Amino acid sequence: MLRIILLLAALVATPALAQEPATKALPQRATLSASADGCELGVASADLDVGGVRARLYNTGGLFWRGGDPVYEVPKGSGIQAMFAAGIWFGGTVDGELRFAGADYSNWEWWPGPLDADGNAPADCAAFDRIYLVTQQPDGSLTGDVADWPADLGAPFEDTDGDGVYEPEAGETPSVYGHQTAFWVMNDRGNAHNWSNAEPLGLTARVTAFTFNSDDPALGFG
């Protein structure tokens, strides 16, 4: 039973070119095309693990697997992996030309951080190489990355005074969907597209993933 929900918000910016052929190898630093930016692939990961599932997230556009053993364990603690891998794909046409970002099992075509107003990847993508995770405890309190919650990157939060500024010292908190929420930001222009061999769309993807701890069989094992 799939009990992880992903919400994505993408902003179109200026696309880049990608010229390298696809391969099945585990990701290495891509060879840049003339107009690609020079990001390293992200290494951040986080587990959604409340309720009956433990599922590993990556900020590469891949989910549950990145070499080695997969992590989509159902029931949690059983050692049974119910899913091997999944991924986040975007595709579309620009003036009739197909553009795409995705991957099969390697050569992922997303990199950490948002594009700027001109559609350029960050000068240092590694500064954004992180997945933020917050968990709601049984007493309603929140643990995890509450103080560091990246509202400035678009992470949802409870804006109690309506000023658009995240102020945890004033009691504002991350918006937790379900009982555990992860958030990260990635872009499809940070380096060459070595799998699809397609030009990127020029996207910033702000990803919110969440899961439930519930006795409702439609939501989880409890």
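How many disulfides does the count come to? In this predicted model, the count comes to 1 disulfide. The two partners are Cys-39 and Cys-125, with 1.8 Å from S to S. A disulfide is a covalent bond between the sulfur atoms of two cysteines. Cys-39 sits in the loop between strand S1 (5-12) and strand S2 (45-48), while Cys-125 sits in the loop between strand S9 (111-112) and strand S10 (132-136), so the link ties together parts that are 86 residues apart in sequence. As for where the pair is tucked, Cys-39 and Cys-125 are both buried.

Next up is Gln-180, a residue of strand S12 (residues 180-187). Is Gln-180 buried or exposed? Its relative accessible area is just 2%, and because buried means under 20%, Gln-180 counts as buried. The side chain of Gln-180 reaches two backbone nitrogens: that of Asp-49 at 2.7 Å and that of Val-50 at 3.4 Å. Setting aside neighbours within four places in sequence, Gln-180 also has a list of residues in contact with it, including Asp-47, Leu-48, Leu-133, Val-134, Thr-135, Ala-209, Phe-210 and Thr-211. Asp-49 and Val-50, already met through their backbone nitrogens, are on that contact list too.

Glu-169 gives another picture. This residue is found in the loop between strand S11 (142-144) and S12. With a relative accessibility of 66%, Glu-169 counts as exposed, since the cut-off for exposed is over 50%. Glu-169 and Ala-147 are 22 residues apart in sequence, and their C-alpha atoms are 8.5 Å apart in space.

Key:
Residues are numbered from 1 along each chain as its sequence is written. This is a predicted model: local features need pLDDT of at least 70, side-chain atom pairs count only at pLDDT 80 or more; totals for chains, interfaces and linings use all residues. Side-chain values use heavy atoms; hydrogens and water are left out. A disulfide is a pair of cysteine sulfur atoms within 2.5 Å. Helices (H or I, at least four residues) and strands (E, at least two) are DSSP runs, numbered from the N terminus. Buried means under 20% relative accessible area, exposed over 50%, partly exposed in between (1.4 Å probe, protein chains only). A polar contact is a pair of N or O atoms within 3.5 Å; within protein, one must be able to donate a hydrogen and the other to accept it, and residues adjacent in sequence count only if both atoms are side-chain atoms. Contact means heavy atoms within 4.5 Å.
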